Amino acid sequence: MRDVAVIGVGLTKFGELWDKSFRNLTAEAGSKAIIDSGVSGKDIDAMYIGSMSSGRFIGQEHIGALVADASGFSHIHIPATRVEGACASGGLAVREGFLSIASGMNDVVVVGGIEKMNDISGTSATETLATAADQEWEAFFGVTFPGIYALIATRHMHEYGTTKEQLGQVAVKNHANGAKNPYAQYQREITIDKAINATMVAEPLGLLDCSPVTDGAASIVLCAAEKAKNFTDKPVKIIASGQASDSLALHGRRDICTLDATVHAAKMAYKQANLNPKDIDLAEVHDCFTIAEICAIEDLGFVKKGEGGKAVENMITTIDGEIPINTSGGLKSKGHPVGATGVAQIVEIVQQLRGEADKRQLKDPRIGLAHNVGGSGATSTVHIMEAI
Amino acid sequence: MDNIGIISYGSNIPRYRIKAGDIASVWGKNGDTISKGLGINEKSVPNIDQDTATISVESARAALKRCSINPKEIGGVYVGSESHPYAVKPTGTIVGEAIGATPDLMVADYEFACKAGTAAVQTCLALVKSDMIKYGLAIGADTSQAAPGDALEFSASAGGAAFIIGKEKVIANINHTLSFTTDTPDFWRRAERKYPSHGGRFTGAPAYFKHIRSAAINMMKKMDTKPEDYTYAIFHQPNGKFPVNVSKSLGFSYDQIKQGLMVPFIGNTYSGASLVGLASVLDVAKPGDRIILTSYGSGAGSDCFDMTITDEISNLAREKAPKVSDMVENKKYIDYGTYAKLTDILYWE
Amino acid sequence: MKSNVARFWREIPQRYNLIGNKCENCGKVFFPPKESCPICRRNSIGKMKELKLRGRGQIESYTIIHVAPENFEEQVPYPIAIIKLEEGPKVTAQIVDCELDDVKIGMNVESTFRRIQEDGYIGAIYYGYKFKKCD
């Protein structure tokens, strides 16, 4: 196994992008990343693409081929593979790309994540997102995707005293960060009052506890670390890649309030990197809903189980806090083009570690963590990166 | 003569109620006048997830809870209703599957306005009597609808009852059954139409009264009985007035019909009506009690049953399922807007 | 949902009668039934026995759905809960026949037969389990 580095990153603006098609988004993010990396087309050995449900969003499957085509690589016949793990599709694509280089099979790989969600109605988009849940035994009975996370929230509040204000605080923080991110879907701050009084979606989660429907794409170029200097003078090493699965339905889990898939993926990653949670300088975590961020910081080991709410309340996870979480604005403010999210998280970490995060820049971060989740926690990936 | 008749029973009445007065005020009528005139205070309304199939299943399951038969030994399921969820695809198979009686089972759905349930009882009786089946399950259930603003809107309600017919451990011996049937168009619903139509006052004397009186008189002649020989008399109850009037005209007292008269509290459950009345009587009946039940279905016909409660009723675990009176009391009031939404008056696309 | 009816017909024994199964090797109960026991694995082949669950359990968590999927809009707001059945497995289902405020973690519930959803005005109707308060 050899070391892998990120040598280029790129992303499109996230939002309701009426003028951009799936292909437009793909080409834009991909070319930005490739130009940033310094590689040329002939250097690329393979492509790995994460997209949750192009079939239902744009009626198109066979995405690996489509992306290779839209990126201009069909004529040189680059191997292109699409991976899917619901909202963790991006993280899985990163991992597959990483493994293909670490194993020695490839030297340079482009990883992309794309989702074009606005070509269908809002109701259809919501239903498509719900296919991340157990269709027969959850969705069939009328529970929505926010409803499933609401079940986690209700139990978390019951067991640990987490409050609606603490949930709202997550949204406030992420919007404050997103306001500094020119690529974010929402670049305006919100008040705690607005957050907790928003229209109810599934109690206790309201509209502002939920990440939006978004179009967008993100891309990174991975390279064997030993060859990275051929292309760039600011490589960022991926020092760990962890992945885990769990029961598809929330009711099949060991503990409703813990995403064991996150715990295991994180353990795997910390072990690989020989690190502890306290060694992490910043993290992009999967805040598809505010409660998800609270569970994430617990399950990743930044705080003890049950103390996530208090940690948010005590401002530990703000951009100035002990462990800044979601400096990009998170899924909540930056947006959540499903398949792109996992890759976009890597983009943010890399930009922070390279000192390119502009208004969101932290002071000299060395180690960053990206955490991506599929569904209500049936899939999780954790990647740790280090500036070299 | 071997006993043959009801060996167990169960009933189901949805929780929601709407007051006659609340319906009346929407249409600019006086609630008190309507209630007094019809003898109906409120009616049951099905929730959006309740229908004839769910009411039938819950009634059948209640009947099974009270006795200890193996559902696989039920040889026939017959469900009578005016509001089967499908025009084609039987309610009976849904019930059969839900109680574990399939696949060695005869099934059919019945329609005969409000007497489809009692027709099902007659069929099960014949199949059991002829030893073609060991046990039969007869159900009468409805979630009947009425056109907004029509007089029927005050009475058309939801509910049902199920009866297991057999020869062993009979709790109510069916001494005799007969019917009185003519082609009388007093009330009908054309195929493809949503709401029924009726002949106004024509639904009285030449329809309801003629058929019920004829069937009951024929029965008492056949059984050589007089009204005072019966402990309970149960009649079809489209409103609170008709059954009181017909029972009086036949010589029955109010005390005899009171236990089986549910319509003032839950409205007319159509195919469930007289059968829910019977379930209410069985909740309190004692060995030796004699019952005469006369249903009525528009179109038109009456099925009459002469029954005697046996000692076996003391062995039936009646407490294992809710009493009709308990279900009548377990209620939640809704307003007309909610009622309109639930009964699909608003067209939904 | 414009599905082939076969997909939901197949699960009638589960939705109507809570038919799960039990690993005779270790005694663990599963709902819906599993092909083999995840704990005993190959030692459970041929030892998975059909089991009808009683339908009684307790609410472990719940939410009130205000924004519903297609086919459920008319029912809003409605409670959905994760219920731990007495035999061990958990299910996700609607809670019925009580006020929204009555729904609590720890509430004892029992199954009831209801209409779950239908495929529009002309499609099939799917029945199954919901849960109501019991003692």
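Chain A and chain B do not touch in this predicted model, and their nearest C-alpha atoms are 12 Å apart. Contact here means that the C-beta atoms of two residues, placed from the backbone, lie within 7 Å. Among the 2 pairs of chains that do touch, chains A and C share the most contacts. As the model is predicted, local features need pLDDT of at least 70 and side-chain atom pairs count only at pLDDT 80 or more, while totals for chains, interfaces and linings use all residues. Residues are numbered from 1 along each chain as its sequence is written, and chains are lettered from A in the order in which they are written.

The A–C interface may be taken up next. Here 25 residues of chain A are in contact with 24 residues of chain C. On the chain A side, helix H5 (122-129), helix H6 (145-160) and strand E5 (200-202) each supply at least two residues; helices (H or I, at least four residues) and strands (E, at least two) are DSSP runs, numbered from the N terminus. H6(A) gives the most to this side, with 6 residues. By class, the side of chain A that touches chain C has 13 nonpolar, 7 polar and 5 charged residues, where Ala, Val, Leu, Ile, Met, Phe, Trp, Tyr, Cys and Pro count as nonpolar, Asp, Glu, Lys and Arg as charged, and the others, Gly among them, as polar.

Within chain A, an open sheet of 9 strands follows the order E3-E2-E4-E7-E1-E8-E11-E10-E9, with mixed pairing; two strands pair if DSSP finds at least two bridges between them. Strand E3 (80-83) and strand E9 (282-284) of chain A are the edge strands, each pairing on one side only. From one strand to the next, the twist averages 25°. Strand E4 (residues 108-115) and strand E7 (residues 216-224) of chain A run antiparallel and are joined by 8 bridges, and A:Gly113 stands opposite A:Ala218 in E7(A). Helix H3 (residues 63-70) of chain A packs on the sheet, where it touches strand E2 (46-50), E3 and E4 of chain A, and its direction makes about 130° with that of E3(A). Axes are lines fitted to C-alpha atoms, for helices over the stretch in contact, and angles run from 0 to 180 degrees between N-to-C directions. Helix H10 (residues 260-273) of chain A lies across strand E8 (236-245), strand E10 (367-374) and strand E11 (379-387), running at about 145° to E8(A).

The domain assignment divides chain A into domain 1 (4-121 + 214-236) and domain 2 (122-211 + 239-387), with bounds that come from an automatic or database assignment. Their C-alpha centres lie 22 Å apart, and 41 residues of domain 1 are in contact with 40 residues of domain 2. H4(A) provides the largest share of the domain 1 side, 8 residues. That side divides into 21 nonpolar, 14 polar and 6 charged residues.

Turning to chain B, helix H6 (residues 204-223) and helix H7 (residues 242-250) pack at an angle of about 40°, with their axes 10 Å apart. H6(B) and H7(B) are therefore oblique to each other, as angles under 35 degrees count as roughly parallel, over 145 as roughly antiparallel, 65 to 115 as roughly perpendicular and the rest as oblique. The residues that meet include B:Tyr208 and B:Phe209 in H6(B) and B:Phe242 and B:Val246 in H7(B). This contact of H6(B) with H7(B) has 7 nonpolar, 1 polar and 1 charged residues.
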